[in-house]
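Grab a coffee and work through a few short exercises on strands and cysteines. Try each one by eye before reading the solution.

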Amino acid sequence: MALHIHETWILLFVIPALVTPAAINHEDYPADEGDQTSSNDNLIFDDYRGKGCVDDSGFVYKLGERFFPGHSNCPCVCTEDGPVCDQPECPKIHPKCTKVEHNGCCPECKEVKNFCEYHGKNYKILEEFKPSPCEWCRCEPSNEVHCVVADCAVPECVNPVYEPEQCCPVCKNGPNCFAGTTIIPAGIEVKVDDCNICHCHNGDWWKPAQCSKRECQGKQAL
């Protein structure tokens, strides 16, 4: 009798050892529905489609309300289909603008160079200057330089000269022309030798002088 009691105790100690964690199937013990719902709630966000609009910062706007999204400087209107933003045709920025601000819907030039640059020099707006004797220039309000080149008249002499700081050649000795190889003044008759008296054509200085021959001895007329 004592032997049977001892074997019974041995069986009681052996049976619990056979039940290992690997033998437990967790599918047989589903979690409570309350636990599942609480874990999924962390992934659910409010849906404002058709009810309002949300900007980049998380602010909610009602339908019909105007607001400025973080990615745009243009105002938007909240609609059932989402924000509808203004897209105006912005004016072009002046190429010489030195300061541009983006506070409004369109970028705005706040500062433009108030001078013109020409051949390495700066000139004030509307300032007139002569970079060379033949050029007359002005600094325009558009920061551009407009120049006019002088159109010189044809000199009325055969030996014009260029004076310093003057654009066009001048006839220092007045109008003249050639009588052979001799330069004679215009407007008078000139005795070029013992046989010929010459004078320049009126207005036609480039033509040879008109000469008249008179009686002479031992001389050859022109």
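The exercises below deal with a predicted model.

**Exercise 1. Work out the strand order and the pairing sense of the open sheet of three strands.**

Step 1: start with the order, which runs β15-β16-β17. The pairing is antiparallel.

Step 2: look for the edges. These are β15, at 190-191, and β17, at 210-213, and each of them pairs on one side only.

Step 3: zoom in on β15 and its partner β16, residues 196-199. Two bridges hold up this antiparallel pairing. For a landmark, find V190: standing opposite is C198 in β16.

**Exercise 2. Find the disulfide partner of C90 and decide the handedness of the link.**

Step 1: the partner is C106, with an S to S distance of 2.0 Å. That falls within the 2.5 Å cut-off for calling a disulfide.

Step 2: check the torsion. About the S-S bond of C90 and C106 it is about -75°, so this disulfide is left-handed.

Step 3: place both ends along the chain. C90 sits in the loop between β5 (82-85) and β6 (97-101), whereas C106 belongs to the loop between β6 and β7 (108-112). The two cysteines are 16 residues apart, and the pair links distant parts of the chain.

Step 4: ask about exposure. C90 has 30% relative accessibility, so it counts as partly exposed; the class in between runs from 20% to 50%.

**Exercise 3. Take C152 and C168 and describe their link.**

Step 1: a disulfide joins them, S to S 2.0 Å.

Step 2: the torsion about the S-S bond is about -85°, so the link of C152 and C168 is left-handed.

Step 3: C152 and C168 both lie in the loop between β12 (145-149) and β13 (176-179), 16 residues apart.

Step 4: at 29% relative accessibility C152 is partly exposed, and C168 is partly exposed too, at 25%.

**Exercise 4. Is C157 buried or exposed, and how does its disulfide partner C171 score?**

Step 1: confirm the bond. The sulfur atoms of C157 and C171 are 2.0 Å apart, and they form a disulfide. With -90° about the S-S bond, this link is left-handed.

Step 2: locate it. C157 and C171 are each in the loop between β12 and β13, 14 residues apart.

Step 3: compare the ends. C157 has 1% relative accessibility, so it counts as buried, since buried means under 20%. C171, with a relative accessible area of 25%, is partly exposed.

**Exercise 5. How many disulfides does the structure hold?**

Count them up and you should get 11.

Note on methods. Residues numbered from 1 in each chain as written. Predicted model: local features only at pLDDT ≥ 70, side-chain atom pairs only at ≥ 80, totals over all residues. Heavy atoms only, no water. Pairing = 2+ DSSP bridges. Helix = DSSP H or I, 4+ residues; strand = E, 2+ residues; numbered from the N terminus. Buried < 20%, exposed > 50% of the residue type's maximum accessible area, 1.4 Å probe, protein only.
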